[in-house]
Each structure stands twice: as structure tokens, then as C-alpha cells.
Amino acid sequence: MHPATGSPSRLQGTRETITCRLMENTHHPNGSPWRNFYGRFKGKTLRPAQIETLDEDLDRLSVPNVSWDVNPDRTQLDLQALFGQKDLWLEIGFGGGEHLVHQARSNPDVGIIGCEPFLNGVAMLLQKLRDTPCENVRIHPGDARHLFDVLPNESVSKAFLLYPDPWPKKRHHRRRFVTQEHLLPLYDVLKPGAILRVATDIPDYVRQTLQEVPKAGFEWLAEGPSDWRTPWQDWISTRYEQKAFREGRGAHYLTFQKPHA
Ligand SMILES: C[S@@+](CC[C@H](N)C(=O)[O-])C[C@H]1O[C@@H](n2cnc3c(N)ncnc32)[C@H](O)[C@@H]1O
């Protein structure tokens, strides 16, 4: 189980539950569809201060009722209770949270949910939120697909997918976030006219993004090369982008829109 979300991470459980999984192979015993997740839930050992921050702050800042264990019926989230009338934005895979905090500070009238299954990243965001409290941030410390289940359709007006895991080997391309398994439910939860931003340093990721994201129904808004070479006006560089620059890779900034109804 994921320590924070209760989501399945490996083959584990009693002989009975394992057999049940092997027989059906489509659902976890808690009712969740079996969703392979190939990323990391935990990296370096968390420092005692990070564990303390997670213990003290994560529950309060988490989006409630996302995990299958607490919400097996997949009751839709009460966004009014979370953010009142604020517009809702979503950042998928926020890493260390620098972009999320930047957007939250610059847009106090917006509510932002950040998803990140990597607990070390969640701990980094929580520390940033201690240093710079932002009332308009909530966290889903898990896979974005579980959040898509319970977000009301047409509820999100902007989504960020910044430097998603590259999965460079060809046989791993189907693990990339820009596959229909992720993009179709993302499309559903976005409002007509909503914007999806994708940043990547990997040319083959650009190729797959330009192939798969329009297939899911989005329009690419670029009119010329400067549109994908120039960072967005409100951009702040992320940790992963800085690493890419250090290693000599360039950035691509792709902007998509869900068509107006
Ligand atoms: C390469 S890192 C980039 C992090 C950050 N956006 C940045 O630019 O520094 C990709 C992140 O996406 C997260 N991720 C992978 N699959 C995810 C999923 N299904 N839902 C949410 N986040 C996911 C990973 O845990 C990882 O932290």
C-alpha cells in the first residue's frame, strides 16, 4: 500500500487477495481498477523533519475522499467545500512543488490541486507551504487517475503537466502520461475552453504528445515555433527543467485547449 493514499504499490496481501487479483487481474481488492504505476512512491530516506511535516500537515492539506479505501463508491468531490467559488486548476506530478507554489501565490483567486505520488516531493511541497503559506492549495499525494475518478466533469479550468516522466525506451512509451488512459479522463474533468499546458525536454515526448493529446480531443494552440520555444509568460522554471538545461537539453512548451462546447 502507498503509505499516504492506501493505493496498491506491489503484489502483496493475503494468499486470498493475491489469488483474487490473479484471477480477475482488473481490480484491486478495495474495488479500485488495477492501475499499473511505474513511478516511485519513495526515494531517499525521509529526514525526521520531513516525516514530522508530513505527519502534521498532510492530512489537513489533502483533498479528502480520493482514495478507493475511503470512497469506494467514487462519490464526487465537494469542490465548493474545498475552494468555494474559486476557479480550479490542477498540476499533475508537481515534483518539488516550486511551480505549484508560484502559481498559487500569483493567483490567490484560484484553487489549485497538486497531485504527486512521490512522497519525497510531497514533503518538499509541504515545507514550501510552511515557508510560504497558501490557503488555495490542496494535495492529492497519489496517482492523478484516482483523482480524475472523483473530480466532477467539467470542473477544472487549467491543467499543468510539466516534465512528465520521459520513459525513454520505446517499449516503455506506453507508460507515459500522454496516453489515452490518462488523457481521456483528464479531458472529461476539464471545462470546455480549458487550457492544458505540457512542458517536456524530450523530442520524442513532443512527438507522442502531439499525436495523443489531439487524439483525446484537445486542440494545439501553436501558430509558429516561438509558441513552443518560448516559456509561458507566468512561467517559473522547475527542478526538472533546470536539470534538463544542465544536461544540455532544451525545453518545449506546448499549449492545448479543450474546445468550447
Ligand atoms: C520528471 S518529474 C517532474 C516533476 C516536476 N513537474 C518538475 O518539472 O520538476 C515527473 C513527476 O510526475 C509524477 N507522476 C508520475 N506519474 C504520475 C501520475 N500518474 N499522477 C501524478 N503524478 C505522476 C512523478 O512522481 C514525478 O514526480
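**Strands, core and ligand shell: how the terms are earned**

Tutor: Ile-113 stands opposite Arg-138 in β3. The model in which this is seen is a predicted one.

Student: What makes β2 and β3 a pair of strands?

Tutor: Four bridges join β2 to β3 (residues 137–140), and the two run parallel. Two strands pair if there are at least two bridges between them, so β2 and β3 qualify with four.

Student: How do you know that β1 and β2 pair as well?

Tutor: Six bridges join β1 (residues 87–92) to β2, again in parallel. One facing position is Leu-88, which stands opposite Gly-111 in β2. At least two bridges are required, therefore six satisfy the rule.

Student: Why is β2 called largely enclosed?

Tutor: Strand β2 covers residues 110–115, and five of its six residues are buried, so the rest of the structure largely encloses the strand. Buried here requires 20 or more other C-beta atoms within 10 Å of the residue's own.

Student: Which elements make up the β-α-β units that include β2?

Tutor: One right-handed unit consists of β1, helix α4 (residues 98–106) and β2. Another right-handed unit consists of β2, helix α5 (residues 119–131) and β3.

Student: What makes β3 and β6 edge strands?

Tutor: The open sheet has seven strands in the order β3-β2-β1-β4-β5-β7-β6, with mixed pairing. β3 and β6 (219–220) each pair on one side only, and they are the edge strands.

Student: How do you know that β6 pairs with β7?

Tutor: β6 and β7 (residues 252–257) share two bridges in the antiparallel sense. The rule asks for at least two, so the pairing counts. Gln-257 in β7 is the bridge partner of Glu-219.

Student: Which residues touch the most other members of the largest nonpolar core?

Tutor: Of the 54 residues in that core, those touching the most other members include Leu-125, Leu-147 and Ala-159. Helix α5 gives the most to this core, with seven residues. Not counting residues up to four places away in sequence, the residues touched by Ala-159 are Leu-90, Ile-92, Leu-186, Leu-190, Ala-194 and Leu-196. In soluble globular proteins, nonpolar side chains tend to be buried together.

Student: Which residues around the ligand are the closest?

Tutor: The 22 residues surrounding the ligand have Gly-93, Gly-95, Tyr-163, Thr-238 and Tyr-240 as the closest. Two elements, α6 (144–150) and α10 (239–246), give two or more residues to this shell. Helix α10 gives the most, with three. By kind, the shell divides into eleven nonpolar, five polar and six charged residues.

Notes
Residues are numbered from 1 along each chain as its sequence is written. This is a predicted model: local features need pLDDT of at least 70, side-chain atom pairs count only at pLDDT 80 or more; totals for chains, interfaces and linings use all residues. A residue is near a molecule or strand if its C-beta atom, placed from the backbone, lies within 6 Å of it. Ala, Val, Leu, Ile, Met, Phe, Trp, Tyr, Cys and Pro count as nonpolar, Asp, Glu, Lys and Arg as charged, and the others, Gly among them, as polar. A residue is buried if 20 or more other C-beta atoms lie within 10 Å of its own, exposed if 12 or fewer, and partly exposed in between; C-beta atoms are placed from the backbone. A crossover is right-handed if, with the strands pointing away from the viewer, the path from the first strand over the helix to the second runs clockwise. A nonpolar core is a set of buried Ala, Val, Leu, Ile, Met, Phe, Trp, Tyr and Cys residues joined through C-beta atoms within 7 Å. Two residues are in contact if their C-beta atoms, placed from the backbone, lie within 7 Å.
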